[in-house]
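I opened this notebook to record how the strands of the structure are arranged. The entries follow the order in which I looked things up.

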Amino acid sequence: MRVGDAWTSGGRTLCRTAPDVKARIVSIEPVQVVGEVRVEAIRVRPAFRQPADEGFEDYDPLVHLFNGPGPGPPNAREPAGYLVPSDCDPGEPLGEILTTMRKTGPGGGYLRGLRVTYRWEDRLHRFVIPWTFALCGTDTEDLCS
């Protein structure tokens, strides 16, 4: 990846703990950003896992979980107000988090952890998704091998 390039990593999912839970996102923020990268956007959308019997030729980035160059699919939106769509049973849409980072220097860098704040039953709740997203460079070889 070259300096100035952006990459969007999706596949981090939001699921309700039960069908009757109504969880509405307040915010999603990185816990830690290190190195020569900039988080450009954190967005959400409903998406589906690609069924195992479908090949890459059937992959639709507007429908299936996303991971690729650039800003990501256009059907993603800001997290604030997003209602988590399901408890992630097979065949139901998943709430997908899409994080876009840009490489700002040759060293690369990484994001570690996403802090999700949501409202349920008129109370704020928070949790951290333990996840590392790296844009490889001279300073991140240990994360990229």
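Entry 1. I began with strand S6, residues 109-120, in this predicted model. I found that S6 pairs with S2 in the antiparallel sense, over 10 bridges. To fix the register, I looked up one residue of this pairing: Glu29 has Arg115 in S6 as its bridge partner.

Entry 2. I then asked in what order the strands of this open sheet run. The order is S2-S6-S7, three strands with antiparallel pairing. I noted strand S2 (24-35) and strand S7 (123-135) as the edge strands, since each of them pairs on one side only. From one strand to the next, I recorded an average twist of 20 degrees.

Entry 3. As a general reminder, I wrote down that the strands of a sheet are paired by backbone hydrogen bonds, in a parallel or an antiparallel sense.

Entry 4. I turned to strand S5 and asked how many of its 10 residues are buried. The strand spans residues 94-103, and nine of the 10 are buried, which leaves S5 mostly covered.

Entry 5. Next I looked up the pairing of S5 with strand S1, residues 6-14. The two run in the antiparallel sense and share seven bridges. Here I located Ala6 opposite Arg102 in S5.

Entry 6. Finally, I examined strand S3, residues 37-47, and its pairing with S5. This pairing is antiparallel and extends over 10 bridges. Within it, I found Val44 standing opposite Ile97 in S5. I therefore closed the entry on S5 with two pairings noted, one with S1 and one with S3.

Methods:
Residues are numbered from 1 along each chain as its sequence is written. This is a predicted model: local features need pLDDT of at least 70, side-chain atom pairs count only at pLDDT 80 or more; totals for chains, interfaces and linings use all residues. Side-chain values use heavy atoms; hydrogens and water are left out. Buried means under 20% relative accessible area, exposed over 50%, partly exposed in between (1.4 Å probe, protein chains only). Helices (H or I, at least four residues) and strands (E, at least two) are DSSP runs, numbered from the N terminus. Two strands pair if DSSP finds at least two bridges between them. Axes are lines fitted to C-alpha atoms, for helices over the stretch in contact, and angles run from 0 to 180 degrees between N-to-C directions.
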